[in-house]
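Here are my notes on the structure, set out as numbered points. Please read them with the model open.

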Amino acid sequence: MSAREWLDKDFYAELGVSSDASSDEIKKAYRKLARENHPDANPGDSKAEAKFKAVSEAYGVLSDPDKRKQYDEARRLFGSGGFSGQGGFGGGGGFGSPGTGGFDIGDLFGGGQQPGGAGGIGDLFGGLFGNRRPGGGAGSTANRPRRGADVETEVRIDFTEAVRGATVPLRLSSPATCQTCHGSGAKPGTRPRSCTTCGGGGLVTRNQGAFAFSEPCPDCRGSGQLIDTPCRDCAGEGVATRSRTLTVRVPTGVEDGQRIRLAGQGEPGKNGAPAGDLFVVVHVNPHQVFGRSGDDLTITVPVTFPELTLGTTLTVPTLDGKVSLKVPAGTASGRTFRVRGKGVGKKNGTGDLRVTVQVSVPSKLDDRATEALEAYREATADHDPRRELNELLGR
């Protein structure tokens, strides 16, 4: 993609965020749109697939601090409308308008020396649009090895799988190296040829008065190569959207929202550069009985008033079976006991199971139980559980 095409796009609008949005806001917007427009969720919907590609491209620029800074600077100089928008140089009355005696905006990306020894605007955006040549001109972005973009997806697992670890199959529909042309973009049996217009350099230079300007070659669009017979599966792009199944190893003790990185499983790189990474965001389904606090598991066990008052031995469930827990006489409702080593196991040790005992109050009593409680109330009439509270309040 040339500089002109890139700046004509409004990546902030694609994600539906403002230009001063934080990285977290950009990530949140991307996740929402990617989830809504993912090819797996919209089979056969070409509009959703195009939107998915657009938001992925926008996130690839705005999530990279350096690329975002360069992109913002370009928008500041050329206007938020890019080259073709109302605020850009390409609009009516701009430098490139007929009859103004000006020059084409593409000239600004040239490598020719301007007065005072300054190069073209391409010098400022060399990192965004291409490499620098020894002579100072902007090199072809397409010819420069470029690492593939990172990809993010999500997976949902059960609570037990998160505690113990699991191997989860993951099906993805994402850009990958075309398997038909192996990334060349040319039909099998053919290959790209060097562009004769620019000599394979991706740039053409023309003189205008005392100045020399370079711009992306109009024939090869700055790639330096021409494909006479494009691959039918990727339309000459060398990259095609395909479905693939990966096996993701979810580590023991993974937490809800944690990201797992799979190196080299993102979008393919260009011109020999490595592929990006795949980040898998793990969502954990809640358990019916157990909760979690760090490496500890938690559980609330209902007990009767006599069990707490007189003491008892409880049978408490764990993820691995059952354990016996001794509750001493006079235990208060809401007290938490700790069962060592029955929590989440990690490399740095295993957490505990925290058991909270909670009195269960029956909603109805028969006559015999009611009489027993009345007798208990009379027997303990001298005990006032609110005495200390009243003393503190001065009552």
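1. A term is needed before the second largest pocket comes up. A pocket, as used here, is an open set of grid points with protein on both sides within 12 Å along at least five of seven lines. Its volume is the space filled by probe spheres set on those points.

2. By that reckoning, the second largest pocket holds about 500 Å³ of space. Its lining is made up of 16 residues, and those closest to the centre are Phe305, Pro306, Pro362, Leu373 and Tyr376. Two elements give two or more residues to this lining, namely helix 8 (305-310) and helix 9 (367-379). Helix 9 gives the most, with 5 residues.

3. The model is predicted, and confidence should be checked by region. The protein chain has a mean pLDDT of 79, with 79% of its residues at 70 or more. Residues 81-142 have pLDDT below 50, although in the model this stretch has 127 contacts beyond near neighbours in sequence.

4. Which strands make up the open sheet, and in what order? The sheet has 3 strands in the order 1-9-8, and the pairing is mixed. Strand 1 (151-157) and strand 8 (259-262) each have a single partner strand and stand at the edges, so each has one side without a neighbour in the sheet. On average, and with direction ignored, neighbouring strands of the sheet are turned by 25 degrees against each other.

5. The pairing of strand 1 can be followed residue by residue. Strands of a sheet pair through backbone hydrogen bonds, in either the parallel or the antiparallel sense. For strand 1 and strand 9 (residues 278-284) the sense is parallel, over 7 bridges. Val151 stands opposite Leu278 of strand 9, and Ile157 has Val284 of strand 9 as its bridge partner.

6. Is strand 1 largely enclosed or largely open? Of its 7 residues, 5 are buried, so strand 1 is largely enclosed by the rest of the structure. The cut-off for buried is under 20% relative accessible area. Helix 3 (residues 23-37) lies across strand 1, strand 8 and strand 9, and runs at about 70 degrees to strand 1.

7. Ala13 belongs to helix 2 (residues 11-15). Its relative accessibility is 53%, and because exposed means over 50%, Ala13 counts as exposed. Ala13 is 42 residues from Val55 in sequence, while the C-alpha to C-alpha distance between them is 9.5 Å.

How values were computed
Residues numbered from 1 in each chain as written. Predicted model: local features only at pLDDT ≥ 70, side-chain atom pairs only at ≥ 80, totals over all residues. Heavy atoms only, no water. pLDDT = per-residue confidence, 0-100. Contact = heavy atoms within 4.5 Å. Pairing = 2+ DSSP bridges. Helix = DSSP H or I, 4+ residues; strand = E, 2+ residues; numbered from the N terminus. Axes fitted to C-alpha atoms, helices over the stretch in contact; angles between N-to-C directions. Buried < 20%, exposed > 50% of the residue type's maximum accessible area, 1.4 Å probe, protein only. 1 Å grid on protein atoms, 1.4 Å probe; cavity = no way out; pocket = protein on both sides within 12 Å on 5 of 7 lines; lining within 4 Å.
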